[in-house]
Amino acid sequence: MAMKTISFLSIISFLALTLSLVIASDPSPLQDFCIGVNTPANGGLHNARAVNNAVGSNVTGVNVNNLPGLNTLGISLVRIDYGVNGQNPPHTHPRATEILVVQQGTLFVGFVSSNGDGNRLFTKTLNKGDVFVFPEGLIHFQANVGRSPAVAFAALSSQNPGVVTIANTVFGSNPPINPNVLARAFQLDPKVVIDLQNKF
Ligand code: MN
């Protein structure tokens with residue numbers, strides 16, 4: 001009887017430990033708010049941002065790093081400007097689900113499910129006012145497929161969502177990943193890998 005009680009308790013504590021390890025979102029706040037530093041918020045998201053860069057887009061974040069009042073609240077915001085043919089390249093947020101609304105223009109958006117779920121691609125073409133969600137941790141992108149610049153806003157379920165841009169992290173790491181490793185991983189000639197590493 002005692003043994004049964006002990007193993008039951010072991011299972012319960014194992015489950016509790018497992019559950020505590022798999023909580024991936026921001027923890028629930030312990031107070032109404034927690035303003036760490038008395039700094040005024042930045043200038044807001046009124047104006048279009050320059051998109052004259054390699055990918056033709058610009059992401060402006062409002063998160064705990066520039067709006068300290070978000071501290072402990074588990075939420076943040078971005079404005080994304082896209083030039084004609086511009087894109088927000090494949091990336092992932094390690095700590096947040098993202099919900100996006102198009103404010104102007106036409107975007108082709110999508111995300112890919114994880115390996116265990118068959119790496120399935122989900123896409124949609126969005127117009128002004130349309131909404132799409134990118135689940136936490138999954139690789140996603142948006143591309144401007146309209147004839148004019150586009151603007152979107154997105155909310156993220158973390159005060160500090162983080163961003164991992166695939167091309168930059170894989171081919172632009174510091175120091176670089178050994179080209180032979182990437183050549184095998186991506187089934188490419190090492191010279192192509194070195195060319196990509198020079199770009200990023
Ligand atoms: Mn995103």
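**Exercise 1. Place Gln 142 in the fold and describe its surroundings.**

Solution. Start with the strand: Gln 142 lies in β8, where a strand is a DSSP run (E, at least two residues), numbered from the N terminus. This is a predicted model, in which local features need pLDDT of at least 70 and side-chain atom pairs count only at pLDDT 80 or more, while totals for chains, interfaces and linings use all residues. Residues are numbered from 1 along each chain as its sequence is written, and side-chain values use heavy atoms, without hydrogens and water.

Next, check burial. Gln 142 has a relative accessible area of 0%, so it is buried (under 20%, 1.4 Å probe, protein chains only).

Then look for partners. Its side chain makes a polar contact with the side chain of Tyr 82 at 2.8 Å; such a contact is a pair of N or O atoms within 3.5 Å, where within protein one must be able to donate a hydrogen and the other to accept it, and residues adjacent in sequence count only if both atoms are side-chain atoms. Residues touched by Gln 142 (heavy atoms within 4.5 Å) include His 91 and Glu 98, not counting residues up to four places away in sequence.

**Exercise 2. Find the donors of the manganese ion.**

Solution. Take N, O and S atoms within 2.8 Å of the metal (3.2 Å for Na, K and Ca); water is not among the atoms, so sites may look incomplete. This gives His 91 (NE2), His 93 (NE2), Glu 98 (OE) and His 140 (NE2), at 2.1 to 2.2 Å. Now trace the chain: His 91 in β3 and His 140 in β8 are 49 residues apart. Finally, His 91 is buried at 3% relative accessibility, and His 140 is buried at 1%.

Technical notes. Helix = DSSP H or I, 4+ residues; strand = E, 2+ residues; numbered from the N terminus. Buried < 20%, exposed > 50% of the residue type's maximum accessible area, 1.4 Å probe, protein only.
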